[in-house]
Amino acid sequence: MEQEITTPMEPELPAPTSQDIAEETSVENPAVASGHKAGFVNIVGNPNVGKSTLMNDLVGERVSIITSKAQTTRHRIMGIVNTPEYQIVFSDTPGVLAPKYKLQEQMLGYSEGALTDADILLYVTDVVEDPTKNADFLAKVAKEKIPVLLVINKIDLVKSQQELEQIVEGWKKLLPNAEIYPTSAKEHFNTDNLMRRIVELLPVSPPYFGKDALTDKPARFFVTEIIREKILTNYDKEVPYSVEVIVEKFDEKEGAIHIMAVIYVERDSQKGILIGKGGSKLKKVGMEARKDIEAFFGKKVYLELFVKVEANWRNRENKLRAFGYID
């Protein structure tokens, strides 16, 4: 029988916030300006080039996981920007990679699907990656008829203007129809110009979501992402990539939220590493996650974490369906 490890956390005072997750996605009598624009802007590219950092900067909220590790985004995550004049539905996608197991097959499906339903495509690279990496996917991007904006990220790492110009010239040959925007999402450099161009390219359309919506994801999703982010930053090697987090209880009251979450791993050895001696490692993850969840929702949080072993879940279709990767 599997054991469960629980680490109840004492609440702290929440960080002040005005953020509120809008779970309602239907549009009911939206008050919009004449000539209102709206469109889907999908963000694609290889792992670890800064796609999530870029989307969070463009959206102005912390919607996607940001870590130094590759393959952190597993789902397609929408972040929505609203003004009276326009609505931009950004979509962050998993990094493109050759799949090694069924979970990565689903992740690649999200990225390839982003090529088919966008009004504007942001292809994100950086100044250090090999431009020929995942050439098949890049060839599909080159054939796109919709506007493609090529974002060359992390230019703060470039040593000279000449080096940057060489990088830009190389990409012009690979994506000749794309508009190129050298940026540093981390430093918020040139992202305002990118945003202005996106607004210019948006089609005239009513909004697709409520004008107060930030994302299409429910509140529970962001709890799982925050917990998974803390696991990604606190553990090395295979453990972070073998983890899935499921929120089994989300009991929200006026002044506090009681959350129970299960962390699934694939092997008993991973479970031991995740928990740590006397539960010390898991307690650290819980404390860090709770603080961020409190800041996110602006309420006190009581967080309980459980650890269970689910062997080889990344290759089991029934588990991927249960975890929300397959409809």
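In this predicted model, strands β7, β8 and β9 make up an open sheet of three strands, arranged in the order β7-β8-β9 and with mixed pairing. The edges are taken by β7 (244-252) and β9 (300-309), each of which pairs on one side only. From one strand to the next, the twist averages 15 degrees. A good place to begin looking is the pair formed by β8 (residues 256-265) and β9: these strands run parallel and are joined by ten bridges. Within this pairing, I259 has L303 of β9 as its bridge partner.

Two helices accompany this sheet. Helix α7 (residues 268-275) lies across β8 and β9, and its course makes about 150 degrees with β9. Helix α8 (residues 280-297) also packs on the sheet, where it touches β7, β8 and β9. The direction of α8 is at about 140 degrees to that of β9.

Another open sheet is built from six strands, again with mixed pairing, and its order is β2-β3-β1-β4-β5-β6. Here β2 (77-82) and β6 (179-182) stand at the edges; each has a single partner strand, so one side of each is left without a neighbour in the sheet. Neighbouring strands are turned against each other by 25 degrees on average, with direction ignored. Towards the β6 edge, strand β5 (residues 148-153) runs parallel to β6, and four bridges join the two. One residue to look for in this region is L150, whose bridge partner in β6 is I180.

Helices pack on this sheet as well. Helix α3 (residues 135-142) lies across β1 (37-45), β4 (120-126) and β5, running at about 145 degrees to β4. Helix α4 (residues 161-174) touches β4, β5 and β6, and its direction makes about 155 degrees with that of β6.

Helices also meet one another. Two packed helices are described by the angle between their axes and the distance between the axes. For helix α1 (residues 51-59) and helix α5 (residues 191-201), the axes come within 10 Å and cross at roughly 70 degrees. The two helices are therefore roughly perpendicular to each other. On the α1 side the contact involves L54, D57 and L58, which meet T191, L194 and M195 of α5. Sorted by class, these residues comprise four nonpolar, one polar and one charged.

Turning to the interior, 52% of the 327 residues of the protein count as buried. In soluble globular proteins, nonpolar side chains tend to be buried together. The largest nonpolar core of this model contains 55 residues, and F90, L122, I227 and I263 are those with the most contacts inside it. Helix α6 (residues 219-234) gives the most to this core, contributing seven residues. With residues up to four places away in sequence left aside, F90 touches V41, I43, M55, L58, V59, I77, M78, G79, V81, M195 and I198. Of these, L58 and M195 also take part in the contact of α1 with α5. A second core, separate from the largest one, has 19 residues, including V44, Y123, L164 and I167.

Taken as a whole, the protein has nine helices and nine strands. Among its contacts with a separation of 6 or more, 75% come from residues 24 or more positions apart.

Conventions: Residues are numbered from 1 along each chain as its sequence is written. This is a predicted model: local features need pLDDT of at least 70, side-chain atom pairs count only at pLDDT 80 or more; totals for chains, interfaces and linings use all residues. Side-chain values use heavy atoms; hydrogens and water are left out. Axes are lines fitted to C-alpha atoms, for helices over the stretch in contact, and angles run from 0 to 180 degrees between N-to-C directions. Angles under 35 degrees count as roughly parallel, over 145 as roughly antiparallel, 65 to 115 as roughly perpendicular and the rest as oblique. Contact means heavy atoms within 4.5 Å. Ala, Val, Leu, Ile, Met, Phe, Trp, Tyr, Cys and Pro count as nonpolar, Asp, Glu, Lys and Arg as charged, and the others, Gly among them, as polar. Two strands pair if DSSP finds at least two bridges between them. A nonpolar core is a set of buried Ala, Val, Leu, Ile, Met, Phe, Trp, Tyr and Cys residues joined through side-chain atoms within 4.5 Å. Buried means under 20% relative accessible area, exposed over 50%, partly exposed in between (1.4 Å probe, protein chains only).
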